[in-house]
Amino acid sequence: MNKYVYNFAEGNKSMKKTLGGKGANLAEMTNIGLSVPAGFTITTEACNQYFKDDNAINSAIRSQIDEAVSQLELQVEKSFGGSPCLLVSVRSGSVISMPGMMDTILNLGLNDENVKDLGERTGSMRFSLDCYRRFIQMYSNVVLEIPMYHFESILVDTKERDGLQSDQELSVDHLHAIIQEYKRLVLRETGRQFEQSPKEQMYAAIEAVFRSWNNERAKIYRRINSISDKLGTAVNVQMMVFGNLSDASGTGVLFTRNPSTGENVLYGEYLMNAQGEDVVAGIRTPKPIQSLQEQNPAVYDELVDSAQLLENHYSDMQDIEFTIENGKFYLLQTRNGKRSAAAAVKIAVDFVNAGIIKKVDAIKNFDANQIDQLLHPEFDKEKLAAAKELTIGLPASPGAATGQLFFDAKSAEKAREEGKQVILVRMETSPEDISGMISSNGVLTARGGMTSHAAVVARGMGKCCISGCIDLEIEEENRIMRIGDLELKEGDFISLDGRTGKVYLGQMETTSSSISEDFIQLMAWSDEFSKLTIMANADTPFDASRAKGFGAKGIGLCRTEHMFFEGNRITDMREMIMADTEKGRKIALEKLYPYQKDDFKAIFKIMETYPVNIRLLDPPLHEFLPKGKEEIQEMAKALGMAFEQIEKVVEDLHEVNPMMGLRGCRLGLTYPEIYEMQTKAIINAALEAKREEGFVPTPEIMIPLVGNELELAKLRTLVERLVAELDPDQELGHVKIGTMIEVPRACVVADKIAEYADYFSFGTNDLTQMTMGFSRDDAGVFIRRYREKGILDYDPFQKLDQEGVGALMRMAIEKGKQGNASLKIGICGEQAGDTESLRFINTLGLDYASCSPFRIPKARFAAGQAGA
Ligand code: ADP
Ligand code: MG
Ligand code: MG
């Protein structure tokens, strides 16, 4: 018989798939002897069975639940519906933690009768009524789906009527009255009395948790995070312990390390005389966990010990929920804590240094996508000092964000679609705000602490967030907010500094962030495992030095065409194109030569002895010519030529399908003088750099778009001859000459091509375009459609098409090595910056991968991870 229900004592942490994350960890904590209130878990399988049985709990599951309840009653010596009364929480818990996505009901089991009994036994009728009041509210909201604001307004009205500030001031009489009103509300909304049978309450709650698996916000969360809809949720039924019983009781949440910075200090908040999520709800301001040391040293010690024990046990930073009942400490949840990228790095390095985890595991378990977040923007220090500071909140998630104010998720989304930079401002966020958070550069909330929904979700997204900014007065319906006398309306610009929690008026430029020692350490460890060298696609000295800063071991692709667009160069380039004789072209090329040589020299100096792979001119010449009448006129003036003359050349060079026109090596074969000039610039630049700096640069010369070995053979001869002439004493050693592999035919005849190539570089942008027959510049529209129709589940220009393009690559590698055993092979397409594609590239056994500078750290890390 299927086992659908597990007592906490029966499970363990490896059973997440069955018990959900929360259930598995409650079981684990129980079994390692920590103080966890007793309870049981109904499995995810039971949830899926419930859906299969058309939203009904079948008799097999029901009898196992009943049995578990009886066992629990014996275990804790309380009784459901009897005295002393057993109260439980009914808690959801999916396999992958989905914070705030599912609903939890506390104090279940109370009714009109036993609420008195509970009051008498605990000596506090106030407490007992407070529990009942909370229970009716949560149950009615989650199970009966009565909107929360109905209850809130009853509560608020009562307090206002008697001028009370907080819930704690409510007297027994107030609570009695509130409960009566709540029950009337339930009767009015549902036509039925509030459920009095604890068992019925429990079953209704279990079903509600099952059903909540399919509520909208849960579905959205799963979609965003690519979590399968099929997993289902487990349900935990657990004896209540009471943080609201007395002033010696309380509840709190805690990270074992600082989740923003990774610093090794307990990081959390708690509230005395409070229950459940009072801490994160932002209604009362919680206290930092360290104050508990004064308030209750014994409990604090136990908390510190438990935190340490859990962190060691799980070998990871933990996010813990706890409750104190009359001075006794209970753990209610633990899980691996979410953290900012910076914290993730520090924690990984600290754990390795402390011997808690091994290097290889630190690398393997690190989320490579977080590497990107480390390159997060920050505000320029000087600009920051000069900016008008409006107020300060809690620095909930690091980074810097600037943009226009929007007060709800919908407007934020819309503004983003219109291309605006968005800052989402909310009283506090809830799961319904997630799409708005995704659309914004940063999030600002008036309420909530460092562990509020906004804080947790923003940190996960790597997005800047300031929470608990209590000076903010927000009028959502009027779309304004006030800070003191200052009123800001929708669309006004503000800036958030997530490191300090400060809010500034207006727009502020951001700069890229600095990189920590720990980051450098982690990257160095990952490099140890890497079999792929990571190089950069960099066309300018600026990009080259940035790439080197990010750890590029050379340049895998230097495109020369961009150099022709700067300043006056385009005029000389155009003169070259307009020349109708070889002699005329050579004169114009002579003018371009010094620019090219100086750029290359600067790049060689930066890259020192690392290889710099320069691709000779690739794009069709008309890309350098003017487009409209006006531009032609300007050019005519600049070159002192007739309008018609230029117009004619523009027409002559027009191509119907330029991507397959006169470009790449075809251009070099048509106008060899262009490639000659470029080769001369490369070699002389390298020689000059060598003489000026003393080291030997490593230029490599790459011929684009080869599909036939004779194209390469001829151009290789040309380049080799020039190199021999310019560097007769081989000061530069052997200058490698290679080719791009970007035409499918090149893959098929790679053995022949390899005879003339020192290296191959897969140009997977063109190779994808030509293999799939998808025009790079037009594919956006139909790729989106293909994804919607499920024909493709990714964009092949972002993620390598392993099945098609990958197969051609395999063929080219195998044949290439047959043709030239010492062939070096790399890739320089955009896909090289994608983690999954890099993993694949790693399996192909390539020597290097080259990508744009900002993607280098992630690529380096992913390469290390693939090798670890
Ligand atoms: P979530 O997944 O949204 O965090 P939980 O199931 O963890 O929901 O419940 C939220 C909070 O409710 C817990 O952090 C804890 O404070 C409180 N809670 C849940 N179960 C109990 C219990 N048995 N006794 C006391 N408090 C509980
Ligand atoms: Mg919750
Ligand atoms: Mg929880």
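This briefing covers the overall build of one protein chain, then selected helices, helix pairs and loop residues. The model is predicted. The chain has 868 residues, and 49% of them are buried. It holds 35 helices and 31 strands.

**Overall build**

- Along the principal axes, the C-alpha atoms fill a box of roughly 105 × 65 × 50 Å.
- Many contacts reach far along the sequence: of those between residues at least 6 apart, 68% join residues at least 24 apart.

**Helix 3**

- Helix 3 runs over residues 59-76, which makes 18 residues.
- At 1.5 Å a residue, helix 3 should span 26 Å, and its end C-alpha atoms are 26 Å apart, so the two values agree.
- Buried residues in helix 3 are Ile-61, Gln-64, Ile-65, Val-69 and Leu-72.
- These buried residues cover an arc of only 145 degrees around the axis, which means that they sit on the same side of helix 3.
- Ser-59, Ser-63, Ser-70 and Leu-74 are exposed on the other side of helix 3.
- The cover over the buried residues of helix 3 includes two elements from early in the numbering, strand 1 (5-7) and strand 2 (39-42).
- Helix 2 (44-52) and strand 5 (233-239) are also among the elements that cover them.
- Glu-77 follows helix 3 and has a positive phi, near 55 degrees.

**The loop between helix 3 and strand 3**

- This loop leads to strand 3 (88-94) and contains Gly-82.
- Gly-82 counts as exposed because it has 12 C-beta neighbours inside 10 Å, and 12 or fewer is the limit for that class.
- From Gly-82 to Ala-446 the distance is 44 Å, C-alpha to C-alpha, and the two are 364 residues apart in sequence.
- Pro-84 is in this loop as well.
- The peptide bond that joins Ser-83 and Pro-84 is cis, with omega about -10 degrees.

**Helix 4 against helix 5**

- Helix 4 spans residues 114-122 and helix 5 spans residues 125-142.
- Their axes come within 7 Å and cross at roughly 140 degrees.
- The crossing of helix 4 past helix 5 is right-handed.
- Helix 4 brings Val-115, Leu-118, Gly-119 and Thr-122 to the contact.
- Helix 5 meets them with Met-125, Phe-127, Ser-128, Leu-129 and Tyr-132.
- Six residues of this contact are nonpolar, three are polar and none is charged.

**Helix 13 against helix 20**

- Helix 13 covers residues 341-353, and helix 20 covers residues 517-529.
- The two axes come within 9 Å and cross at roughly 65 degrees.
- Helix 13 passes helix 20 in a left-handed crossing.
- Val-345, Lys-346, Ala-348 and Val-349 make the contact from helix 13.
- Asp-518, Phe-519, Gln-521 and Leu-522 make it from helix 20.
- The contact of helix 13 with helix 20 has five nonpolar residues, one polar residue and two charged residues.

**Helix 6**

- Helix 6 has 14 residues, numbered 148-161.
- At 1.5 Å a residue it should span 20 Å, and the end C-alpha atoms are 20 Å apart, which agrees.
- Gly-163 comes after helix 6, with a positive phi near 65 degrees.

**Positive phi in two further loops**

- Glu-608 is not a glycine, yet its phi is positive, about 50 degrees.
- Glu-608 lies in the loop between helix 23 (582-607) and strand 26 (611-615).
- Glu-608 counts as partly exposed because it has 15 C-beta neighbours inside 10 Å.
- Leu-705 is also a residue other than glycine with a positive phi, near 60 degrees.
- The loop that holds Leu-705 runs between strand 27 (698-703) and helix 28 (709-726).
- Leu-705 is buried, because 24 other C-beta atoms are within 10 Å.

**Asp-834**

- Asp-834 is found in the loop between strand 30 (824-827) and helix 34 (835-844).
- Asp-834 has 22 C-beta neighbours inside 10 Å, so it counts as buried.
- Leaving out residues up to four places away in sequence, Asp-834 touches Gln-798 and Lys-799.
- Asp-834 and Lys-799 are 35 residues apart along the chain, but their C-alpha atoms are separated by 6.2 Å.

Technical notes: Residues numbered from 1 in each chain as written. Chains lettered and ligands numbered in written order. Predicted model: local features only at pLDDT ≥ 70, side-chain atom pairs only at ≥ 80, totals over all residues. Axes fitted to C-alpha atoms, helices over the stretch in contact; angles between N-to-C directions. Helix = DSSP H or I, 4+ residues; strand = E, 2+ residues; numbered from the N terminus. Left-handed = near helix turned anticlockwise from the far one by under 90°. Contact = placed C-beta atoms within 7 Å. Nonpolar A, V, L, I, M, F, W, Y, C, P; charged D, E, K, R; others polar. Expected span 1.5 Å × (residues − 1). Buried ≥ 20, exposed ≤ 12 C-beta atoms within 10 Å, placed from the backbone. Arc of directions from axis to C-beta.
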